[in-house]
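Please keep the sequence and the structure side by side while reading. The paragraphs below go from one part of the fold to another.

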Amino acid sequence: MNFTETLQSLTGKPLSACTNQELYLALLELVRRKSADRVQPVTGRKLYYISAEFLIGKLLSNNLINLGLYDEARDALAAAGKSLADIEEVEPEPSLGNGGLGRLAACFLDSLATLNLPGDGVGLRYHFGLFRQSFENGVQNEKPDPWLTAHSWAEKTDITYPVELAGKEYTARLYKLAVTGYEGRTNTLNLFDLDTIDESIVHDGIAFDKTAIDKNDEAGRRLRVYQQYLMVSAGAQLILAECAARGCNYHDLADYAAIQINDTHPSMVIPELIRLLGEKGIDFDEAVEIVTKTCAYTNHTILAEALEKWPRSYLDAVVPQLMPIIEKLDTLARTRTEDEGLAIIDKDDRVHMAHMDIHFTHSTNGVAALHTEILKNSELHGFYELYPEKFNNKTNGITFRRWLLECDPRLTAVLGRKDFTRIRTQAPAR
């Protein structure tokens, strides 16, 4: 069956008679089937990239390119008088992030799948992660971006995990979004949501009634603690469940999982994993060792004020089950250094998330060579003196494939024929 026949079988009528919406849904279904064929079993260690944002962009064209279907789709639609570009406009933009940190996370997922490495993302299924801008009478207005529809790349599962927030138990539901690699495997972006979300608290603009979540003057800041713990608690339970299904006995977790903490937003995964391992019968000291071997931390900023520091009162209120563990981690960190500036809980009762990350992971990386050197020599110098072996650099990358294939196919073809391995090993011309 050729491409046109396959699409017609999904739409149930000739392509020329289909609306752009019908063609979009048919292509979405086709991509799902083809990407499922590229799922590979996991052997050895698997990466879990935990991030508060994944700015993945529209997925239809990217997935068609990665699966080798783009040219066929474009030509088949053109023959029926349809434009793939018009159909792409039907797709809503996934509202899962709005900045460079989220784009970096998306690029990593793309690269992992392209390199055939087992690596999944873990994040939140935001209902309004972006906003739409408009101008009325010369004034900018922001409106919610309701991107979630009945048809979505992120598919609802029956997998749920209990998460305790402020003494009340909630049920986090898992949604799975396929991540296709360019001529590579299919990995997964795991997104968690609550079935009980009430979207009515969001009004006409992007402001919303924060007191519906937390009746406190600082409700907006506390909301981030709620979000972050929901993400890491459900994510940690997913990781342990998947590793156990592959034969992990939890003592050997680091042989099955590598957890990358993307900035400080997922930092609570450290005490949460220790708590969950304790429930499995593992004592505190061993749990700390296991988590340190399993987790690594990516720092995104040299600005000390941008590193999350939560008033202890926030964590006491929202995640009281973690505070005894964080206190013990602070005590343990203080046995390694007398520098009060490296403590996890400072004299003002603020919990420094980045400090916890550096003490209790095995790797801290910056995202550019200069950035990493500044961390080592200035902003995090005390930590570098304490743990020089932990510091390393991972320069930010970009995913330009979609842009290059579309804007200059001939240049793309030339680059595809080049042996860049040989070019990199040649000595520079003098």
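Helix 13 (residues 369-379) lies across strand 12 and strand 13, in contact meaning heavy atoms within 4.5 Å, and runs at about 165° to strand 13. Such angles run from 0 to 180 degrees between N-to-C directions, with axes fitted as lines to C-alpha atoms, for helices over the stretch in contact. Helices (H or I, at least four residues) and strands (E, at least two) are DSSP runs, numbered from the N terminus. The model is a predicted one, in which local features need pLDDT of at least 70 and side-chain atom pairs count only at pLDDT 80 or more, while totals for chains, interfaces and linings use all residues. Residues are numbered from 1 along each chain as its sequence is written, and side-chain values use heavy atoms, with hydrogens and water left out.

Strand 12 and strand 13 belong to an open sheet of nine strands with mixed pairing, in the order 5-6-7-2-1-8-9-12-13, where two strands pair if DSSP finds at least two bridges between them. Strand 5 (154-165) and strand 13 (391-393) stand at the edges with a single partner strand each, so one side of each has no neighbour in the sheet. On average, neighbouring strands of this sheet are turned by 25° against each other, direction ignored. Within the sheet, strand 9 (residues 295-298) and strand 12 (residues 364-366) run parallel and are joined by two bridges; Thr298 has Asn365 in strand 12 as its bridge partner.

Turning to the helices, the axes of helix 8 (residues 269-279) and helix 9 (residues 284-294) come within 9 Å and cross at roughly 135°. That angle makes helix 8 oblique to helix 9, since angles under 35 degrees count as roughly parallel, over 145 as roughly antiparallel, 65 to 115 as roughly perpendicular and the rest as oblique. In this contact, Ile270, Leu273, Ile274 and Leu277 of helix 8 meet Phe284, Ala287, Val288, Ile290 and Val291 of helix 9. The residues of the contact divide into nine nonpolar, no polar and no charged, where Ala, Val, Leu, Ile, Met, Phe, Trp, Tyr, Cys and Pro count as nonpolar, Asp, Glu, Lys and Arg as charged, and the others, Gly among them, as polar.

Helix 8 is largely enclosed by the rest of the structure, because eight of its 11 residues are buried, that is, under 20% relative accessible area, with exposed over 50% and partly exposed in between (1.4 Å probe, protein chains only). Among the buried residues of helix 8 are Ile270, Leu273, Ile274 and Leu277.
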